[in-house]
Amino acid sequence: MNPVTQREFISTFRSVRSLALLLIPAVLTSVLIVFQWPADSVVAQSGNKSLQVFAMFGYGLGAILCLLTPVNPAVSLVKERIQGTLELLFHTPLSRVRIYIGKLSGAILPLGLSLLMTLPAAAACYAMGGITFGRHLGPLYLVLILGAVQLSSISLAVSSYSKNIDSAVRSAYAWMLLLVVGVLGPYQVFQGSENQTKVFVSDWLRHLSPLPALMEVLGHADIAGHGMISTSSSLVRYCIVSCLSILILGLITGQRLHIRIFDESRASGVMTEDRSSLQRLLRRLFFLVDPQRRSWSIGNWTNPVLVKEFRCRKFGRASWILRLIAICAVSSIALTYFAASGVQNWTVEMIGGLLVVLQMSLIILLAPGMSAGLIASEIESGGWTMLRITPQSSFSIAIGKLLSVGWTMLLVLLATLPGYVIMIYLKPILEQQVLMVVASLLLATVFTVTVSAAIGSCFRKNTPATITSYSILTSLTALPILIWIGRDAPFGFRIVQNALLVNPMSAALSIMRTTGFEDYQLVPGNWYFLAAGSVVGLGVFWFQIHRLTQPD
Amino acid sequence: MIQEEPMVVIEHVTKKYGSFVALDDLCLTLNRGEILGFIGPNGAGKTTTIKILVGHSRPTSGTAKINGVDCTQGASKIKKLVGYMPDIFGSYDNMRVSEYLDFFGAAFGMRRKQRRLRIAEVMEITGVTHMKDLFVESLSHGMQQRVGIARTLLHDPELIILDEPANGLDPRARIEMRQLLLDLAGRGKTLIVTSHILPELSRICNKIAIISHGILRADGPIEQILRQVNQKRVWEIILTDVEKLDSLQKFLSEHLEDEASLKPSEAEMTIRFQSSANDEEVQKILSLIVAQQFPVVQLREVQTDLEDTFMTVTQEGASQKVSLEGSESEEGKVHA
């Protein structure tokens, strides 16, 4: 057996947390099946009920796998690199192919076990009738397995390029989101276009995502596929595209598994001020904010912790924040442009919904990664000991740390406002609605930041803090949406309404009258929940900092 | 004459973690301008003592004061009085050395103008000016140690506590570090330095404290401790004929006290012995050796150093059988 696989696989079973993660899919899907199991002895011959439950089972399993898969492979290589064991591994006679296969199988095998444990729930679906192995169960597990391998491959590739754990986890989730949802976008835009090349490329590109294939297997229309005739099977296309992507990602990661990745000189630290006049002039032209300029001293009335947090974060530097804001602004304006052009018959409400989802995706992607490690990473790096010996009060530390994330998130939110402004211009009647949406999103941001900071402050290591925070917040966002997907059956109106009350983005979608959310009255219930959660999060975070600054 | 208040006073400090006693009735005093070498094996209680001094840990009983301020009650005053460099650097990602120092200066409440001047000054003192634009996480260990000291000096503390400052330094950097510490002492700073490199400490410290199993085994001026711990002098006889080694060993055992430990070495053709005999007694033994025509070329006293002292004191501590009589002089104390 590959020694790397052996070590990775065994280490999974040494940790109670990993074992718990393995059990999550089985437990959740079993609970779902138990709740939906027919109470009477008569089963409908049509199999509609079982197909509904099977769809919930499939989507649930898919969502859980998407949430769980990136964690281990994203940490896998970068952790070894930081600990120095990767260098030792390169000095063994193991080839890079074996190391890669070992790492990949080490990530996939536990997921395989997780999937195996869901078989009883799948068998229960089968027993309900209307489901066949060849048309339903087999293809579902094929898509899930391919999806797990694909997400593991991309997370391993991310890990091989990352230099610290939290950026690896954050980037892996960003890539996951791009792969599962982002690749569907171009086809939405280009379908029906006269340019056949664009249609062809975007059609194949969307099959990088397991979602169209999953929807086809679960009996729903292939996502983004319009029209009466389906020209080809999404499942077959997904098998081809995913295998190709796994191979390419393997090659990308494989070429990183070499001792030369350690052969890097230290940054020379040449600052713009020390360059020639011409170079200074060029940099002045090309950089709005030059990252190589010496920074100003911290102001007398500025919270030093706030500035420190911005400076020690790559994306906290002004140059990166500006880039992020630019991307957000361009995306929001582009989405609104599509609405205005009317080419795709998208309504303003649909665009508003997409904007909300885009913003929430950004919030969920960025906020936990930045807030969860506020304390844990400081403790882990030894910086907390240094911070403790300064006269900074626990209140000042808490405010500095929270504001450092809060400001970034606020800037990201503000960057999407141009889209909303165009929407108001297109449909002035929406002004009140848009303002409420923005208020909802602000509240959701505060909630996400404070809750993930509070969760992270309960840990002493950055990785579990970040992972737990991501898991809880993505679950809070994704699970109610899963329940919402089954809003007509198997879940009733009241269950869906209650589930959506705890979802940070549902109020915004409901206010925007996005299709499927119009009937739910989520304001002010959702706002109360978010406000209460924010207050509790803030209290826990401040208490934890206060406790950690006191003598042991 | 007004006697100056000691800088550090630790009185009967005990620290327990559950049933484990990390520090047991520790008493220690340090005057202004002194350099204390705080030594002990791993897990002896050095870091616990330092944590109590910097206000990171609360003693189970007893008190620790710096400049008359209680370390637990007056945490904010202690932070201004003490400059602490732990054994880990505590780096931040993506921060340049100048930004790193700027942050700590601001965190200590220094005004911007004063901070800029002070940063330039401490960078000059510690020799890190040329590294000001480098990222702290990319520095070598030795460079980080220098930056760590610069950070410690930023707010001009009266007491400087350095945990293993010479760790990972190359010989040149170690010499420079030694000089730097002596310079700081010359500026009137009080220093507490822990290190496992004992010859280094013996060169810079004017006082040492040896701790083992949470108990202070010895403290006082370095010469006093050396003299008191090594009350038995170590002698070495060098022979020219290895075959006479056994007979000389037998001869010595007959003429020295019972406790004198004899250590012959065939490879080096030497016999070492530890004896409480005074110079006259040793001279008599030497005369007898010569009279017996043993092929001796040299008899010399072996100088003991801090390492020998450390080994003696901590071994006794480990076995919980302190063979030394508890002796005490005005300056140096060896605790039984």
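How many helices and strands are there in chain A?

## Chain A: content and dimensions

In this predicted model, chain A contains 26 helices and zero strands. The C-alpha trace of chain A spans about 75 × 70 × 55 Å when it is laid out along its principal axes. A compact globule of 552 residues would be expected to have a radius of gyration near 24 Å, and the 25 Å computed for chain A therefore agrees with that expectation.

## Chain A: burial, contacts and surface

Of the 552 residues in chain A, 52% are buried, that is, under 20% relative accessible area. When contacts in chain A are restricted to residues at least 6 apart in sequence, 77% of them join residues at least 24 apart. The area that chain A exposes comes to about 25,400 Å², and 68% of this area is supplied by carbon and sulfur atoms.

## Chain B: a four-stranded sheet

Chain B holds an open sheet of four strands, arranged in the order β12-β13-β11-β14 with antiparallel pairing. Its edge strands are β12 (261-265) and β14 (296-302) of chain B, each of which pairs on one side only. From one strand to the next, the twist averages 15°.

## Chain B: the β11–β14 pair and its helix

Strand β11 of chain B, which covers residues 233-239, runs antiparallel to β14(B) and is joined to that strand by six bridges. Within this part of the sheet, B:E236 stands opposite B:R300, a residue of β14(B). Helix α10 of chain B, formed by residues 279-291, lies across β11 and β14 of chain B and runs at about 15° to β11(B).

How values were computed. Residues are numbered from 1 along each chain as its sequence is written. Chains are lettered from A and ligands numbered from 1 in the order in which they are written. This is a predicted model: local features need pLDDT of at least 70, side-chain atom pairs count only at pLDDT 80 or more; totals for chains, interfaces and linings use all residues. Side-chain values use heavy atoms; hydrogens and water are left out. Two strands pair if DSSP finds at least two bridges between them. Helices (H or I, at least four residues) and strands (E, at least two) are DSSP runs, numbered from the N terminus. Axes are lines fitted to C-alpha atoms, for helices over the stretch in contact, and angles run from 0 to 180 degrees between N-to-C directions. Contact means heavy atoms within 4.5 Å. The radius of gyration is taken over C-alpha atoms; the globule rule is 2.2 Å times the number of residues to the power 0.38. Buried means under 20% relative accessible area, exposed over 50%, partly exposed in between (1.4 Å probe, protein chains only). Accessible areas come from the Shrake-Rupley method with a 1.4 Å probe; for residues, only the protein chains shown count as cover.
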